[in-house]
Amino acid sequence: MIEIKHLRKEFDDDTIPLKDINVTINKGDIISIIGPSGTGKSTLLRCINMLTEPTSGSIIVDGQDITERGCNLNEVRKHMGMVFQSFNLFGHLTVIENIMNPQITLLKRSRQEAYDKAMYLLQSVGLASKVFNYPDELSGGQQQRIAIARTLAMDPDIILFDEPTSALDPSMIGEVQSVIKLLANTGRTMMIVTHEMDFARKISNRILFMYDGEIYEEGTPKEIFENPKKEMTRKFIQRLSSLTYRIDSTEFDIEAMNEELHSYGEKLLIEAERLSKLLLALEEICINNIASYSDTPDILVKIEYSEKSDILSMTIKYNGEYFDVNSCESKLFKLLLQEPTTSFAQTELKDDELGYQHQIIMSFKWQEESK
Ligand SMILES: Nc1ncnc2c1ncn2[C@@H]1O[C@H](COP(=O)(O)OP(=O)(O)OP(=O)(O)O)[C@@H](O)[C@H]1O
């Protein structure tokens, strides 16, 4: 479908984000592009639809080299949709107008046709009730779902996602990922630049690991995440590893967890103070409360650190009685909840793949001035 040969990009300031990219994208591929910050992932995506003009090399789409002068880029872009980190919705237009307008101007659809398509897509992303709202009246997660609907309205052959969840609060990432997962099941061709490794692993059939302007290693999710062959891929994957704990008794060894968490923090350069906050929250929510209400507690705790956004987060999934985080009695914990760098969200889970009923996500940012 798309063949990229010897693609290179040099910026005027001598940055060379892409050195020599060679890859073929097949129809129906779901490709996640992963790798450390600044290794050219977004630049590659932007070159593919010529939002950024490559310095040399070729991008052949259905037999035509789109980097050649004289190529009708508007025509090419009709077949490629792009979803941006920052949604890029028009703030002065309502949701429905945002989705209808490009269909009318670029695809010459009638207003009725554009409206019907927009309504159908809004229903499929679960936002039919927001038709006449303006973007700034919606949450980040909702705005991104609208942006995805707008892209889909153009019936693209391939959709390019440039870090679609990086600008979102941790509690909203799931809703956007669910919409993308649904799309992945419809056989569309997609390329996704992402820092969400679990997501990349579940959704893709191919992973491209980019390093220093090249596709350093490529493979199936299993090959890249479980058995990377090359050194830098291995290092990257190891560094990302999250910590997971299952709490199934009130006798849970919190001291052992404390030690493991601190060595995890040392490896990733997370400050001890922030880890202590996380541990305080974990102990208060899981051990002092949820676990204490049952003889057979069933709690899963996953701790992750995103180097890119510098957010330490903890996802607690559990079964049994619903527990309200606001009802915790510990004074220290209450103070922690009030800190502007702490955020949390509680949700009920419907189709959790592990069968959990409730979820609490807490995240801890670092306070800049205390650095
Ligand atoms: N318009 C530009 N002019 C100059 N340099 C740029 C421009 N756009 C990107 N760069 C530089 O190119 C390099 C690669 O950027 P790119 O955004 O493609 O990386 P990335 O792998 O997507 O990173 P991240 O994961 O942090 O988003 C970076 O050093 C960036 O600063």
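Trainee: Where does Asp352 sit?

Mentor: Look at the loop between β14 (342-348) and β15 (358-365); Asp352 is there. Keep in mind that this is a predicted model.

Trainee: What is the burial class of Asp352?

Mentor: Asp352 counts as partly exposed, because it has 14 C-beta neighbours inside 10 Å, and the partly exposed class lies between the exposed limit of 12 or fewer and the buried limit of 20 or more.

Trainee: And how far is Asp352 from Val176?

Mentor: Their C-alpha atoms are separated by 15 Å, while along the chain the two residues are 176 apart.

Trainee: Switching to Ser309, which strands flank its loop?

Mentor: β12 (299-306) and β13 (311-318) do, with Ser309 in the loop between them. Ser309 is partly exposed, since 15 other C-beta atoms lie within 10 Å.

Trainee: What separates Ser309 from Gln338 in space?

Mentor: 21 Å between the C-alpha atoms, for two residues 29 apart along the chain.

Trainee: OK, let's zoom out. How many helices and strands does the chain have?

Mentor: It has 12 helices and 15 strands. Along its principal axes, the C-alpha trace spans about 70 × 50 × 40 Å.

Trainee: How does the radius of gyration fit with a compact globule?

Mentor: It agrees: the chain has 23 Å, and a compact globule of 371 residues would be near 21 Å.

Trainee: What share of the residues is buried?

Mentor: Buried residues make up 36% of the 371 in the chain. As for contacts between residues at least 6 apart in sequence, 65% of them join residues at least 24 apart.

Trainee: What does UniProt say about residues 2-237?

Mentor: The record, an unreviewed entry, annotates that stretch as "domain: ABC transporter". In the model, residues 2-237 are 38% helix and 23% strand, with the end C-alpha atoms 28 Å apart.

Trainee: There's a ligand too. Which residues are closest to it?

Mentor: Pro17, Ser37, Lys41, Ser42 and Thr43 are the closest of the 13 residues that surround the ligand.

Trainee: Which element gives the largest share of that shell?

Mentor: Helix α1 (residues 41-48), with three residues. By type, the shell divides into eight polar, three nonpolar and two charged residues.

Trainee: Now helix α3. How far does it reach?

Mentor: Helix α3 covers residues 95-107, and its 13 residues reach 19 Å from first C-alpha to last. That is close to the 18 Å expected at 1.5 Å a residue.

Trainee: Which residues of α3 are buried, and what do they pack against?

Mentor: The buried ones are Val95, Asn98, Ile99, Met100 and Gln103. They pack against α4 (111-124) and α5 (140-152).

Trainee: What happens just after α3?

Mentor: Lys108 takes a positive phi of about 60° there.

Trainee: What about the phi of His6?

Mentor: His6 has a positive phi of about 45°, although it is not a glycine. His6 lies in strand β1 (residues 2-9), and it counts as partly exposed because it has 13 C-beta neighbours inside 10 Å.

Trainee: Last one: is Asp155 buried or exposed?

Mentor: Asp155 is exposed, because just 12 other C-beta atoms lie within 10 Å and the exposed class takes 12 or fewer. You'll find Asp155 in the loop between α5 and β7 (158-162). Its phi is positive as well, near 50°, and Asp155 is not a glycine.

Definitions and conventions
Residues numbered from 1 in each chain as written. Predicted model: local features only at pLDDT ≥ 70, side-chain atom pairs only at ≥ 80, totals over all residues. Near = placed C-beta within 6 Å. Helix = DSSP H or I, 4+ residues; strand = E, 2+ residues; numbered from the N terminus. Nonpolar A, V, L, I, M, F, W, Y, C, P; charged D, E, K, R; others polar. Rg over C-alpha atoms; globule rule 2.2 N^0.38 Å. Contact = placed C-beta atoms within 7 Å. Expected span 1.5 Å × (residues − 1). UniProt positions renumbered as here; feature names shortened; annotations may be inferred.
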